[in-house]
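Please read the report below with the sequence and the structure side by side, and find each residue in the picture as it is named.

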Amino acid sequence: MIEATLCFPLRDGADTGDERAGSRDGGTSPTEVLLIEKRRGLGEGWYNGPGGKLEDGETPRECAIRETREEVGLEIQPADLEKAGELTFLLDGEGHTFCHVYRTATFEGEPRPSPEARPEWVPIDDVPYDRMWDDDRLWLPGVLEGRTVAGEFRFEGGEPLDEAAFVDHDLEWDVEVVRER
Ligand SMILES: Nc1[nH]c(=O)nc2c1ncn2[C@H]1C[C@H](O)[C@@H](COP(=O)(O)OP(=O)(O)OP(=O)(O)O)O1
């Protein structure tokens, strides 16, 4: 099974233009999430968080930090990355991808585009679910509210995964084991 990551940087919309846009202000909830429009590979043309596949010898946390740096140019410290979910994507009954989901409200830098990704801050209340993977509308709202999730999502119809049909799912919320990793 492919092991991959997704990372969702969060900020208060009022911080727009601030160098330290990522730091939370006195505990207020973030209002915007940094999504990317994926320019190539799996899910091309759709919105998602920065992320990608683990490289040899890399931990999921290291992968999420590297992919976020490579795709949108933000720097994240390992301790600032909060584990928010573990998602299993099955294709035709077989494990296809295991995805570690992270979020962070603390990072350095300003998002910039790369060959893989065009970054865009979007209001948490206005995430473009109609331009994302079909499963995202089921788990991303809770992740953006600060919850943890474990999910299994079944696709059918053969490779590639992004052309298969999403058929059903199981979700478990507020999962302690997810938060610990
Ligand atoms: N059903 C799904 N819902 C979702 O939100 N993200 C998914 C998903 N299935 C896969 N992903 C994400 C996880 C991971 O961040 C990414 C994997 O895509 P990659 O960018 O690693 O793949 P590519 O085929 O583009 O790889 P490269 O050729 O190595 O760039 O897609």
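Thr88 lies in strand β5 of a model that is predicted. Is this residue buried, exposed or something in between? Because 17 other C-beta atoms lie within 10 Å of its own, whereas 20 or more would be needed for a buried residue, Thr88 counts as partly exposed. If its neighbours within four places in sequence are left aside, Thr88 is in contact with Gly95, Phe98 and Glu152. The chain also brings Thr88 and Gly151 to a C-alpha to C-alpha separation of 6.2 Å, although 63 residues separate them in sequence.

For the chain as a whole, among contacts between residues at least 6 apart in sequence, 64% join residues at least 24 apart. The chain has three helices and nine strands, and from the N terminus on these elements follow the order β-β-β-β-α-β-β-β-α-β-β-α. Along its principal axes, the C-alpha trace spans about 45 × 35 × 35 Å. A compact globule of 181 residues would have a radius of gyration near 16 Å, and the 15 Å of this chain agrees with that. Buried residues make up 34% of the 181 residues.

Helix α2, which covers residues 136–144, has as its buried residues Asp136, Trp139, Leu140, Val143 and Leu144. Seen down the axis of α2, these residues fall within an arc of 130 degrees, so they line one face of the helix. The general reason is that an α-helix has 3.6 residues a turn, so residues three or four places apart point the same way. Just after α2, Gly146 takes a positive phi of about 100 degrees.

What covers the buried residues of α2 includes the strands in this table.

| Strand | Residues |
|---|---|
| β1 | residues 2–11 |
| β2 | residues 32–38 |
| β5 | residues 82–91 |
| β6 | residues 94–104 |
| β8 | residues 149–156 |
| β9 | residues 165–173 |

The surroundings of the ligand come last. Of the 18 residues around the ligand, Ala4, Gly41, Gly51, Gly52 and Trp133 come nearest, and the elements that give two or more residues to this shell are β1, β4 and β6. By character, the residues of the shell divide into eight nonpolar, seven polar and three charged. Two of these strands, β1 and β6, are thus named both for the shell around the ligand and for the cover over the buried residues of α2.

Key
Residues numbered from 1 in each chain as written. Predicted model: local features only at pLDDT ≥ 70, side-chain atom pairs only at ≥ 80, totals over all residues. Buried ≥ 20, exposed ≤ 12 C-beta atoms within 10 Å, placed from the backbone. Helix = DSSP H or I, 4+ residues; strand = E, 2+ residues; numbered from the N terminus. Arc of directions from axis to C-beta. Contact = placed C-beta atoms within 7 Å. Near = placed C-beta within 6 Å. Nonpolar A, V, L, I, M, F, W, Y, C, P; charged D, E, K, R; others polar. Rg over C-alpha atoms; globule rule 2.2 N^0.38 Å.
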